[in-house]
Amino acid sequence: MKRWKFTSIIILAVLLTACGKSESANQMQTGATASGQEAVTGGVQTVPESTPAVTLTNGVYRGRNLVIEGRKYLYIEYEMRENDSIRLRSLVPEGEELIIPSEIDGHRVVEVGAKSWEDSPGQDSGYAVWTLWTKSAERKLTQVVLGEYVEKINDYAFEGTKLDKVVLSETCKEIGDRAFNDSNVKEINLEHVEKVGDFAFSYCKLEKIHFDSPVIQIGMRAFWGNENMELIELPASMKKGSFLGSGCFSVTGISEIQWPAFPKNYGERNIGDGIFEDCKNLEKVALPENQKHIYLGKYMFRGCKEMTLVIPEGTGRLTYRSTECADNYTENVTTLLFKDAKTKITGEPYVEVSYDEETFSVPRGTKFICVNRIIAPADSKAAKFAKEAFRVEKFTKKSVETIRHPNCEHIPTGTVGPVILETYKE
């Protein structure tokens with residue numbers, strides 16, 4: 001009898017021990033304690049009703065209903081980079097404010113967004129691209145705040161998310177193509193950013209932008225369509241390696257701009273066409289003084305207000321390549337005013353004229369520039385050029401319609417005549 005009781009006690013003890021191990025293992029798997037308290041593992045917490053915190057599939061970590069740095073997120077997706085830092089592909093907050101964490105499981109978050117469109121979570125996780133960061137059907141986020149280690153926002157990262165405000169970390173130097181395209185961003189700090197991709201902020205609602213870095217690369221139509229934009233502040237001097245893409249500030253609401261100084265050999269490979277095209281409020285462009293060379297590319301001021309462009313003292317050479325100006329088309333720079341008698345206009349701005357009945361009828365080798373008037377000191381180099389140069393006096397009706405087309409890439413037809421020359425007097 002005693003032996004049976006002793007055996008029963010041993011069996012009961014074994015069963016209790018097994019139950020305890022099973023419950024402990026279950027807690028490790030789910031990340032939640034038996035009492036319903038949140039368990040912490042490497043900085044990532046799971047709420048009690050969640051599935052296992054994070055699962056790994058094909059090199060991508062995914063999880064739902066997580067708490068990171070004290071904030072709850074409905075969904076997360078990220079991958080480890082070669083240096084054990086994190087590329088955050090998707091993070092859906094519980095509310096309409098998205099705070100990008102500085103670290104996850106002790107690893108720094110240094111990139112936001114997938115590496116490419118094909119690599120985006122929408123391609124393999126059932127999430128459409130615009131739902132990478134928000135659960136709202138209206139794609140609404142009040143603001144996005146980047147963690148302190150984020151260096152780069154990848155292509156398409158927040159495209160179409162209808163943001164109000166973006167707060168970048170000082171470490172963020174690069175914003176990819178279409179990263180905020182059609183997202184309606186109203187406010188962002190770009191002081192420390194050095195590279196902005198093509199269409200990165202097109203069709204947003206930015207009111208002002210400010211850059212501090214002396215080396216800036218701004219892609220094609222990066223800020224195109226920000227009609228509320230009233231202020232663009234660029235560094236006074238741009239260093240070698242800087243680049244302004246075609247149409248990067250076109251169709252914005254600015255009324256004036258301070259054009260920066262560029263390295264003397266900068267030209268069409270560094271400064272794109274149509275940078276201020278269709279900025280219909282633009283009426284003042286301040287050029288830097290004492291520059292050996294100022295380059296102003298094709299279509300730069302097409303569709304702007306009629307204006308006089310002042311070429312300041314100390315300018316060694318002006319390259320002016322506009323191709324749309326006539327007595328019946330004045331939505332451009334119509335007058336060049338030279339203050340320095342030594343400033344030259346080189347052969348580069350002269351429009352390439354076709355010599356047939358469908359375009360302009362002018363002698364071969366004629367100097368040609370698309371402004372109505374040049375004001376320059378008597379006996380100056382600019383005055384000498386003006387006396388020899390021709391301009392478009394009047395475009396045909398069809399040509400004016402062609403000029404207004406956004407893809408105009410040819411010289412329209414019309415009549416030509418001499419450039420009007422006036423003497424500059426201080």
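Which side chains does a polar contact of 2.6 Å join? In this predicted model, the side chains are those of Asp212 and His210. Asp212 sits in the loop between β16 (208-210) and β17 (217-218). Its relative accessible area is 46%, so Asp212 counts as partly exposed. Apart from residues up to four places away in sequence, Asp212 touches Glu191 and Pro235. Leu234 is 22 residues from Asp212 along the chain. The C-alpha atoms of Asp212 and Leu234 are separated by 7.0 Å.

The chain as a whole sets the frame for such details. It has 426 residues, and 47% of them count as buried. Three helices and 31 strands make up its list of helices and strands. Contacts were also sorted by separation in sequence. Among contacts between residues at least 6 apart, 54% join residues at least 24 apart. The chain exposes about 21,000 Å². Carbon and sulfur atoms supply 48% of that area.

Salt bridges come next. Side chains of opposite charge can pair when their charged atoms come close. A search of the whole structure finds 18 salt bridges. One of them joins Lys72 and Glu94. The closest N and O atoms of this pair are 3.6 Å apart. Lys72 lies in strand β5 (residues 71-80), whereas Glu94 lies in the loop between β6 (86-93) and β7 (97-99), so the salt bridge ties together parts that are 22 residues apart in sequence. Lys72 is partly exposed, with a relative accessible area of 25%. Glu94 is also partly exposed, at 42% relative accessibility.

A salt bridge between Arg89 and Glu77 has an N to O distance of 2.9 Å. Arg89 belongs to strand β6 and Glu77 to strand β5, so this pair ties together parts that are 12 residues apart in sequence. Are these two residues buried or exposed? Arg89 has 1% relative accessibility and counts as buried. Glu77 has 0% relative accessibility and is likewise buried. The cut-off for buried is under 20% relative accessible area. Arg89 and Glu77 also take part in a network of salt bridges. The other residues linked in this network are Arg62, Glu79, Arg81, Arg87 and Glu111.

The side chains of Glu388 and Lys367 meet in another salt bridge, at 2.5 Å from N to O. This pair links distant parts of the chain, 21 residues apart. Glu388 lies in helix α2 (residues 381-388). Lys367 lies in strand β27 (residues 367-368). Glu388 is partly exposed, with a relative accessible area of 38%. Lys367 is partly exposed too, with a relative accessible area of 29%.

The loop between β21 (284-286) and β22 (293-296) was then examined. Asn290 is found in this loop. Gln291 lies there as well. Which of the terms buried and exposed fits each residue? Asn290 has a relative accessible area of 56%, so it counts as exposed. Gln291 has a relative accessible area of 15%, so it counts as buried. The cut-offs behind these terms are over 50% for exposed and under 20% for buried.

What lies around Gln291? Leaving aside neighbours within four places in sequence, Gln291 is in contact with Ala261, Phe262, Gly314, Thr315 and Gly316. Glu289 also plays a part in its surroundings. The backbone oxygen of Glu289 lies 3.2 Å from a polar atom of the side chain of Gln291.

Backbone angles single out Asn290 again. Phi of Asn290 is near 55 degrees. This is a positive value in a residue other than glycine. Asn184 also has a positive phi, near 65 degrees, and it too is a residue other than glycine. Asn184 lies in the loop between β13 (174-175) and β14 (187-188).

How values were computed
Residues are numbered from 1 along each chain as its sequence is written. This is a predicted model: local features need pLDDT of at least 70, side-chain atom pairs count only at pLDDT 80 or more; totals for chains, interfaces and linings use all residues. Side-chain values use heavy atoms; hydrogens and water are left out. Helices (H or I, at least four residues) and strands (E, at least two) are DSSP runs, numbered from the N terminus. Buried means under 20% relative accessible area, exposed over 50%, partly exposed in between (1.4 Å probe, protein chains only). Contact means heavy atoms within 4.5 Å. Accessible areas come from the Shrake-Rupley method with a 1.4 Å probe; for residues, only the protein chains shown count as cover. A polar contact is a pair of N or O atoms within 3.5 Å; within protein, one must be able to donate a hydrogen and the other to accept it, and residues adjacent in sequence count only if both atoms are side-chain atoms. A salt bridge is a side-chain nitrogen of Lys or Arg within 4 Å of a carboxyl oxygen of Asp or Glu.
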